[in-house]
Amino acid sequence: QVQLVESGGGLVQAGGSLRLSCAASGRTFSSYIMGWFRQAPGKAREFVAAMHRSGGYTYSADSVKGRFTVSRDNAKNTVYLQMNSLKPEDTAVYYCAASDRYDITLDSAGYRYWGQGTQVTVSS
């Protein structure tokens, strides 16, 4: 299995930036598609963005396209989510997840391993 630990959350003002990190240990990091999800109070867990094993293909939800960027460093066993132009509606707990599927999926059920989450709060 793979263990995932998110970090980098915090409180920022609208329009600000934040970078989340997800450090992985266990099985070979490069064997997994890495995704980011978020969940706000009273709402379902929502797909944010993901990156393929190769690091050369990404997909982002429409709500964050142009603002959030996924990057991956297999040598460091770490995936990042750079969040720019943050909005209050981005406030949520953000989760890192790993999938052993061959293609990126938006379905949370497609991700076998999950971190504990990190809180992101955007003030207005």
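These exercises work through a disulfide, a sheet, a core and several single residues of a predicted model.

Residues are numbered from 1 along each chain as its sequence is written, and side-chain values use heavy atoms, with hydrogens and water left out. Local features need pLDDT of at least 70 and side-chain atom pairs count only at pLDDT 80 or more, while totals for chains, interfaces and linings use all residues.

**Exercise 1. The disulfide**

Task: Find which cysteines are joined by a disulfide, and describe the link.

Solution:
- Start with the criterion: a disulfide is a pair of cysteine sulfur atoms within 2.5 Å.
- This rule gives a count of one disulfide.
- The partners are C22 and C96, with an S to S distance of 2.0 Å.
- Next, locate them. C22 sits in strand β3 (residues 18-26) and C96 in strand β9 (residues 92-99), so the link ties together parts that are 74 residues apart in sequence. Strands here are DSSP runs (E, at least two residues), numbered from the N terminus.
- Then take the dihedral: it is -80° about the S-S bond, and the link of C22 and C96 is left-handed.
- Last, check exposure. Both C22 and C96 are buried. Buried means under 20% relative accessible area, exposed over 50%, and partly exposed in between (1.4 Å probe, protein chains only).

**Exercise 2. The open sheet**

Task: State in what order the four strands of the open sheet lie, and which strands are at the edge.

Solution:
- Pairing comes first: two strands pair if DSSP finds at least two bridges between them.
- The order is β1-β3-β8-β7, and the pairing is antiparallel.
- β1 and β7 are the edge strands, each pairing on one side only.
- Neighbouring strands in this sheet are turned by 15° against each other on average, direction ignored. The axes are lines fitted to C-alpha atoms, and angles run from 0 to 180 degrees between N-to-C directions.
- Now go pair by pair. β1 and β3 are joined by six bridges. E6 stands opposite C22 in β3.
- β3 and β8 are joined by six bridges. C22 has V79 as its bridge partner in β8.
- β7 and β8 are also joined by six bridges. Here T69 has Q82 as its partner in β8.
- As background, strands of a sheet pair through backbone hydrogen bonds, either parallel or antiparallel.

**Exercise 3. The nonpolar core**

Task: Identify which members of the largest nonpolar core touch the most other members.

Solution:
- Apply the definition: a nonpolar core is a set of buried Ala, Val, Leu, Ile, Met, Phe, Trp, Tyr and Cys residues joined through side-chain atoms within 4.5 Å.
- The largest such core has 35 residues, and L4, W36, L81, M83 and Y94 touch the most other members.
- Elements that give two or more residues to this core include β1 (2-7), β4 (33-39), β5 (46-51) and β8 (78-83).
- Take L4 as a case. Leaving aside neighbours within four places in sequence, L4 is in contact (heavy atoms within 4.5 Å) with residues including C22, M34, C96 and W114.

**Exercise 4. Three buried polar residues**

Task: Decide which polar contacts the side chains of R38, T78 and T118 make.

Solution:
- A polar contact is a pair of N or O atoms within 3.5 Å; within protein, one must be able to donate a hydrogen and the other to accept it, and residues adjacent in sequence count only if both atoms are side-chain atoms.
- R38 lies in β4 and is buried, at a relative accessible area of 6%. Its side chain joins that of D90 by a polar contact of 2.9 Å.
- T78 belongs to β8 and counts as buried at 9% relative accessibility. The side chain of T78 reaches the backbone oxygen of K76 at 2.9 Å.
- T118 is in β11 (residues 118-123) and is buried, with a relative accessible area of 11%. A polar atom of the T118 side chain lies 3.2 Å from the backbone nitrogen of G9.

**Exercise 5. D103**

Task: Is D103 buried or exposed?

Solution:
- Place the residue: D103 is in the loop between β9 and β10 (113-114).
- Read the area: D103 has a relative accessible area of 57%, so D103 is exposed.
- Add the spacing: D103 and R53 are 50 residues apart in sequence and 9.1 Å apart in space, C-alpha to C-alpha.
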